[in-house]
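Here's a quick look at one structure, going from ring pairs to helix packing. Have the 3D view open as you read.

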Amino acid sequence: MAKPTLSSKIGTATKLLTYAENVLQKSKDNADLFTDAAETIIELEAAIAAYRNGLTESAYRDMRQVVIKNQQAEVLKQVLYRYSLYVETVANGDPNLILASGFVPNRSTVQPAIGMSPKANDLRAEVKHTGTNSVNLRVDPWKPARFYQFEFRKAESMNGWTPILSTKSRTVIEGLEERQEYEFRVTYLGTDPRPNYSETVRCFVV
């Protein structure tokens, strides 16, 4: 049964913007097929505009603008993910309806997982390159996952978690504070958006 594809289509900044713009345009052109998506389309259009502007501003390599651009990318990915769940429900496996929304139907033989995603397993965090203020994360892959939502915050902090969406089971968290310990967790995101977090792990940034 076909479902909207995300992970292989948004791996780079250019791919993310192009794919999102296509979804927006096709969904507008075929709005009569997705009658309950009006608010999401408005949200998607705003996220695309913000991300496009962020790409332009970050081209000058101002670190603050790069951070803002990365945050805008996360927002855009989240909107696309939520919208893909709606499209999947409406399409009910029909690849023509998925194409009408601007998403590309998958060709995978992997059947979509039903219900809540399993608990993410074996999360590892390590500093591979000292002085870069970054931590490398990896978790056991799960084939039905559309995204891996990695999250981090300062250890012992009561602040909320900062999410980072990745299409792969590994990522690098950058822009962390030197000589600061952080804690990390991750959840798979499949057809059910409810998180099922891994055990929390810690890593000291050097």
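## Aromatic pairs

This is a predicted model, and it holds eight aromatic pairs. Take Y81 and F147: their ring centres sit 6.0 Å apart with the planes at 80°. Anything over 60 degrees counts as edge-to-face, so that's what this pair is.

The two rings come from distant parts of the chain, 66 residues apart. Y81 belongs to helix α3, while F147 is in strand β5 (residues 147-154).

## Helix α3 on its own

Helix α3 covers residues 63-91. With 29 residues, α3 reaches 41 Å from its first C-alpha to its last, close to the 42 Å you'd expect at 1.5 Å a residue. Right after α3 comes N92, with a positive phi near 50°.

## How α2 packs on α3

What angle do the axes of α2 and α3 make where they cross? It's roughly 155°, and the axes of α2 (residues 38-58) and α3 come within 8 Å. That makes the two helices roughly antiparallel, because the cut-off for that label is over 145 degrees. The crossing of α2 past α3 is left-handed.

On the α2 side, the contact includes I41, L44, A47, I48, Y51 and L55. From α3, residues including V66, A73, L76, V79, L80 and Y83 take part. A few others to find in the view are E43 and E57 of α2, plus K69 and R82 of α3. Sorted by type, the contact residues come to 14 nonpolar, five polar and four charged.

Definitions and conventions:
Residues are numbered from 1 along each chain as its sequence is written. This is a predicted model: local features need pLDDT of at least 70, side-chain atom pairs count only at pLDDT 80 or more; totals for chains, interfaces and linings use all residues. Side-chain values use heavy atoms; hydrogens and water are left out. Axes are lines fitted to C-alpha atoms, for helices over the stretch in contact, and angles run from 0 to 180 degrees between N-to-C directions. Helices (H or I, at least four residues) and strands (E, at least two) are DSSP runs, numbered from the N terminus. Angles under 35 degrees count as roughly parallel, over 145 as roughly antiparallel, 65 to 115 as roughly perpendicular and the rest as oblique. A crossing is left-handed if the near helix is turned anticlockwise from the far one by less than a right angle, and right-handed if clockwise. Contact means heavy atoms within 4.5 Å. Ala, Val, Leu, Ile, Met, Phe, Trp, Tyr, Cys and Pro count as nonpolar, Asp, Glu, Lys and Arg as charged, and the others, Gly among them, as polar. The expected span of a helix is 1.5 Å times one less than its number of residues. Rings of Phe, Tyr and Trp (its six-membered ring) pair if their centres lie within 6.5 Å; planes under 30 degrees apart count as stacked, over 60 as edge-to-face and the rest as tilted.
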